[in-house]
Amino acid sequence: MRRWAGIIVILTLSLTVALLTAALLATEWQQVYTRSITIHALAVSSNDTGAVINITVTAMTLGSGYVYIASSPLPTAESGTFISSSQIAALVATYLANQPFNKYNFLINVEPTTLEIGGPSASGYMTVAMWALITNHTLNPDVVMTGMILPDGSIGPVGGLPAKIKAAAQEGYEVVLIPYGQQEYQTSTGQVINLVSYGRSLGVDVIPIMSVRQAIYYFTGINLTIPSISSEELKNTAYVNITKFLWMRIYDRLIKSGAINSTDPNVSKYVERAINYANQGMYYTAASLGFQGLINYYQDEMQNYTTSQLYGLLNQLNNELNYYSDAVSHYNVTTANIDIIIGIYDRIEDAQQSLTAASQDLATNDIADAISNLAYAKARIETLGDWLAVLNAINGGAPISTNYLEELTSMYLVYAQSITEYTISLLNAVGLTNLPNIKQWMNSITQEVQNAQNNYQNGLYPLALAQSLDAISSNDVMLHSLFTPTINGQESAGYLINITEYVRKLAVFNTYEAENRCGLFPMLAISYIDFGNYYLNDYNSTGGINDLAAALQLYELAASYSQALYELAASTNSCGTPFIITNIQSINVSNASFNIQNTSLTGYNMAFLVVGIALVALAVGVAIFSLKSLKINE
């Protein structure tokens with residue numbers, strides 16, 4: 001059977017190569033670069049016996065960005081995350097190699113084995129192999145590793161580590177790389193094993209690593225350490241001026257509504273904090289806090305509304321939202337405005353969900369929830385005019401074809417679906433699925449993925465891309481938070497702190513690269529980092545795990561958004577395409593028509609990409625951070 005399985009795999013791989021070659025020749029002759037490398041993945045059987053499995057990775061310059069799998073048996077366990085994690089491995093590897101993700105195809109041939117390959121534990125290793133192939137490096141044959149790749153480049157947790165380390169030692173390997181945080185390994189029977197000491201007793205060095213960058217160093221000697229860059233370096237004059245403008249718009253609403261003088265602590269605390277941070281020049285954080293204060297004020301104000309008045313407000317807000325939806329649909333997407341278009345679509349979707357919920361609440365006479373949803377929708381729709389005003393001021397940038405945007409969105413959407421299924425499978429395995437907070441979080445993120453799928457099918461690719469990135473980031477946080485090492489019932493807080501600091505550095509670096517290496521101005525990413533710093537400072541002051549989870553979520557979003565924008569521009573050869581910013585004019589909807597009024601913005605003519613601000617959800621339960629299209633709850 002093993003012989004026949006080997007023949008089947010060889011035939012499958014040969015057929016795949018033949019088909020790819022035929023497709024290439026059918027289009028045009030070009031020089032094809034092909035290289036292969038074999039890695040030695042660590043696996044565990046159902047009876048906890050370790051094994052080493054050979055996986056051959058081949059890189060081909062065919063220019064589509066696909067990953068093809070040849071394996072017997074086919075990888076189906078754990079929702080097929082071997083396949084989806086292979087795709088994200090290619091994405092991370094090409095990004096680290098400073099190459100467009102769609103320049104290569106990768107073929108992965110798994111050696112026939114009685115062990116079923118289904119999980120993502122080899123994906124970190126495959127990322128290293130892919131990077132080595134496209135940068136022409138060799139791998140140290142004395143090193144092996146296990147760990148799943150996450151979109152942020154960190155190495156996620158895996159199981160069966162003692163058996164894997166033993167198998168590596170028996171095969172004569174000298175170094176075994178394992179995910180950071182799992183060096184103190186607790187078995188299903190409750191036994192705690194120090195894997196570093198255990199490896200030493202077997203004659204191997206067990207080294208915990210936090211990221212694929214570290215893995216690359218141990219395999220090749222190439223140092224890809226993330227440099228320390230201050231987040232303040234990201235805040236150029238354009239960013240400061242734009243966020244100040246957005247804050248002043250929020251501040252103006254606080255004054256005109258009367259919220260500025262509110263004695264309600266749920267309003268006044270946000271207003272006071274907002275003004276304090278504005279005085280420190282942290283305008284994005286100020287706008288975010290002021291936005292929450294405005295929501296709370298509207299909610300108080302609506303307590304005196306009659307049902308008829310609530311229905312009237314619902315209709316008015318629906319009309320305003322329809323105008324904004326129609327307005328943004330007429331813009332062509334470019335490398336200069338895609339960030340703000342994503343932000344607008346995300347806000348429109350968020351507001352629509354709140355209005356739909358409010359309508360259902362009113363129909364069932366649930367007035368309290370109707371008021372809550374209407375207050376949020378009112379504040380959200382008011383700020384759409386600010387976003388559209390900024391979008392109107394953007395000129396230039398390289399046009400982004402619908403076909404390419406569809407391709408990029410499809411890849412992120414597939415991974416969002418797969419990693420969500422994988423997270424659910426892990427939660428089931430450890431019996432956490434039915435815990436109330438976790439169940440709420442999973443329902444939220446599953447709905448986010450479904451919304452992304454629906455919007456993708458409807459051709460709303462910027463929104464589907466944003467929702468996919470949100471889902472991926474949320475899963476990253478879930479995996480890091482819920483699988484924080486726990487020994488004898490005590491979580492290792494140091495692990496989550498170190499992961500958060502790593503992702504913060506990554507977010508700053510990715511954003512810096514997009515800004516300086518590609519000539520972009522990733523406003524959303526800079527803003528997420530700014531607000532993440534706010535929560536990290538709160539955590540350092542209070543020790544609240546929710547603040548730490550909120551900071552991690554924001555840093556994950558920043559890292560994902562900046563990387564996606566860079567890949568989009570680099571893969572279309574659009575880095576450095578010039579654009580300009582003209583005068584910004586405020587936009588309001590009144591009496592079913594647009595009123596465009598000049599706003600005093602002396603000194604606000606900027607030659608950088610302008611985008612809006614986005615407001616992000618806080619944690620739901622301990623270490624759970626639920627994302628409802630960037631909605632704030634504290």
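A residue is called buried here when its relative accessible area is under 20%, exposed when that value is over 50%, and partly exposed in between. With that cut-off in hand, and bearing in mind that this is a predicted model, one can begin with a single short helix. In helix H6, which covers residues 212-220, the buried residues include Val 212, Arg 213, Ala 215, Ile 216 and Phe 219. These residues cover an arc of only 155° around the axis, and they therefore lie on the same side of H6. Just after H6 comes Gly 221, whose phi is positive, at about 85°.

From this helix the view can widen to the whole chain. The protein has 634 residues, of which 58% are buried, and its secondary structure consists of 18 helices and 17 strands. Among the contacts with a separation of 6 or more, 77% join residues that are 24 or more positions apart. The surface that the protein exposes comes to about 24600 Å², and carbon and sulfur atoms supply 49% of this area.

A sheet offers the next point of orientation. Four strands form an open sheet in the order E1-E2-E4-E3, and their pairing is mixed. Its edges are strand E1 (34-44) and strand E3 (67-70), each of which pairs on one side only. From one strand to the next, the twist averages 20°.

The pairings within this sheet can be followed residue by residue. E1 and E2 run antiparallel to each other and are joined over 11 bridges; one of the residue pairs is that of Leu 42 with its bridge partner Val 52 in E2. Strand E2 (residues 50-60) also pairs with strand E4 (residues 105-110), again in the antiparallel sense, over 6 bridges. Between E2 and E4, Thr 56 stands opposite Asn 109, while Met 60 stands opposite Asn 105. As a general point for reading such a sheet, the side chains of a regular strand alternate between the two faces.

Helices accompany these strands. Helix H3 (residues 123-135) packs on the sheet, where it touches E1, E2 and E4, and its direction makes about 165° with that of E1. Helix H4 (residues 161-170) lies across E1 and E2 and runs at about 120° to E1.

Two asparagines deserve a look for their backbone conformation. Asn 98 is not a glycine, yet it has a positive phi of about 60°; it is placed in the loop between helix H2 (77-96) and E4. With a relative accessible area of 39%, Asn 98 is partly exposed, because that value falls between the cut-offs of 20% and 50%. Asn 573 likewise has a positive phi, near 55°, in a residue other than glycine, and its place is in the loop between helix H18 (545-571) and strand E15 (579-581). The relative accessibility of Asn 573 is 72%, so this residue counts as exposed.

Further along the chain, helix H12 (residues 367-392) allows a simple check of geometry. At 1.5 Å a residue, its 26 residues should span 38 Å, and the C-alpha atoms at its two ends are indeed 38 Å apart, so the expected and modelled spans agree. H12 is also mostly covered, since 20 of its 26 residues are buried.

Gln 316, found in helix H10 (residues 307-328), is partly exposed, with a relative accessibility of 40%. Although Gln 316 and Lys 378 are 62 residues apart in sequence, their C-alpha atoms are 9.7 Å apart in space.

The last stop is Ser 468, which is placed in helix H15 (residues 461-482). Its relative accessible area is 0%, and Ser 468 is therefore buried. Which residues does Ser 468 touch, not counting those up to four places away in sequence? They are Tyr 412, Leu 413, Ala 416 and Ala 452.

Key:
Residues numbered from 1 in each chain as written. Predicted model: local features only at pLDDT ≥ 70, side-chain atom pairs only at ≥ 80, totals over all residues. Heavy atoms only, no water. Expected span 1.5 Å × (residues − 1). Buried < 20%, exposed > 50% of the residue type's maximum accessible area, 1.4 Å probe, protein only. Contact = heavy atoms within 4.5 Å. Areas by Shrake-Rupley, 256 points an atom, 1.4 Å probe, with all protein chains shown as cover. Arc of directions from axis to C-beta. Pairing = 2+ DSSP bridges. Axes fitted to C-alpha atoms, helices over the stretch in contact; angles between N-to-C directions.
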